[in-house]
Each structure stands twice: as structure tokens, then as C-alpha cells.
Amino acid sequence: MAGVIFSILAGMAMSIQGVMNTRLSEKIGLYESNLFVQGTAFLLSLVAALLLGQGNFGAIGEVNRVYLFGGVLGLAITITVMLGIRSLSPTVAISIILISQLLVAALIDAFGLLGSEKVPFGWAKFLGLGLMIAGVLLFKWERS
């Protein structure tokens, strides 16, 4: 149950953050707002690691190098979310983002990528994804 609650909170925070970051970028610029957002996250992460951290940075040399690119993806995520929300409405942009996340997560599961356990992706999941896409198209469809 904790995983469900954390996932709901993450989704809520991501949607709110995407809109907040977009509004900030309208005033100070896309890359400037990204610097502020990522810089704030860095400082808070540093404080959290110092106060609460129980891990071992020394083990970073033992990690698959591919996993070290998460920060690069963080930059790409923040900027592309702002550009998507700016071009579309928050609801449509976040809906498309969620579908994309689900599709990529399903591929990661189906092929056991990035050290994940293989999880089958059957017809029911394809149908669910199709229904989500149809929902976004219906939501985006404007009556003439």
C-alpha cells in the first residue's frame, strides 16, 4: 500500500511541478528556470543526504556506468515537461507524458531492461494503453 501512496504523491507532485516550472520559465527563461529548479533540488538533496543518508558514495565506482546518466535525464525531463505544457494544456501534456512513461516502463518490464525482472506485456495491457491514447485524443478533440 505504501508504494501506491508514494506513486500517487509522485504523480501529484510531478503535475504541479510541471506547471510551476512552466510558469517560472515564462518569467525568467527556460534554461534559467531549469537552473533554479535543479539547483534547488541539488541543495535540498545535499542537506537530505547529510542529515538522513545512510548509503555509501564510495560504491559509485561499482555501479553500471549507464545508471549514472539519471541526472542527464533529469535535465531532459524538466525542460521537455515545460515545453510540452507550454505548447499544450497541462492536462493534455501530462496525459501524453503518462502514456509515454507507461509504454517505456512496459518495454523495460517486457524485455527485462536496466536490471529489471521480466514481466509479460499481454493483450490486456496493450488494450489498456490503447484506451489511454483514445482518452487523450477524446480529451484533446475540440468540437467545431
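Before I turn to the pair in the first helix, let me fix the term: a helix here is a DSSP run of H or I of at least four residues, with numbering from the N terminus. With that in hand, and bearing in mind that this is a predicted model, arginine 23 and glutamate 26 can be placed together in helix α1, where they stand 3 residues apart, or about one turn of the helix. Their side chains join in a salt bridge, with an N to O distance of 2.9 Å, and the count for the model comes to 1 salt bridge.

Stepping back to the chain as a whole, the secondary structure comprises 5 helices and 0 strands, so that, read from the N terminus, the order of elements is α-α-α-α-α. Along the principal axes, the C-alpha atoms fill a box of roughly 55 × 45 × 30 Å.

How do α1 and α3 cross, then, and at what angle? The axis of α1, which covers residues 2-28, comes within 9 Å of the axis of α3, residues 70-87, and the two cross at roughly 80 degrees; because angles of 65 to 115 degrees count as roughly perpendicular, that is the description that applies to this pair. On the α1 side the contact involves Gly18, Val19, Asn21, Thr22, Ser25 and Glu26, and on the α3 side Thr78, Val81, Met82, Ile85 and Arg86. Sorted by class, this contact has 4 nonpolar, 5 polar and 2 charged residues. Glu26, then, takes part both in the salt bridge and in the contact with α3.

Finally, the largest pocket, whose volume is about 440 Å³. Of the 21 residues that line this pocket, Met14, Ile77, Val81, Ile97 and Gln101 are the closest to its centre. The lining draws at least two residues from each of α1, α3 and α4, the last being residues 90-111, and it divides into 11 nonpolar and 10 polar residues, with no charged ones. Val81 therefore appears twice in this account, in the contact of α3 with α1 and close to the pocket centre.

Technical notes. Residues are numbered from 1 along each chain as its sequence is written. This is a predicted model: local features need pLDDT of at least 70, side-chain atom pairs count only at pLDDT 80 or more; totals for chains, interfaces and linings use all residues. Side-chain values use heavy atoms; hydrogens and water are left out. Axes are lines fitted to C-alpha atoms, for helices over the stretch in contact, and angles run from 0 to 180 degrees between N-to-C directions. Angles under 35 degrees count as roughly parallel, over 145 as roughly antiparallel, 65 to 115 as roughly perpendicular and the rest as oblique. Contact means heavy atoms within 4.5 Å. Ala, Val, Leu, Ile, Met, Phe, Trp, Tyr, Cys and Pro count as nonpolar, Asp, Glu, Lys and Arg as charged, and the others, Gly among them, as polar. On a 1 Å grid over the protein atoms alone, a cavity is a set of points where a 1.4 Å probe fits but cannot get out, and a pocket is an open set with protein on both sides within 12 Å along at least five of seven lines; lining residues have an atom within 4 Å of a point. Grid points are joined across faces, edges and corners, and a volume is the space filled by probe spheres set on the points. A salt bridge is a side-chain nitrogen of Lys or Arg within 4 Å of a carboxyl oxygen of Asp or Glu.
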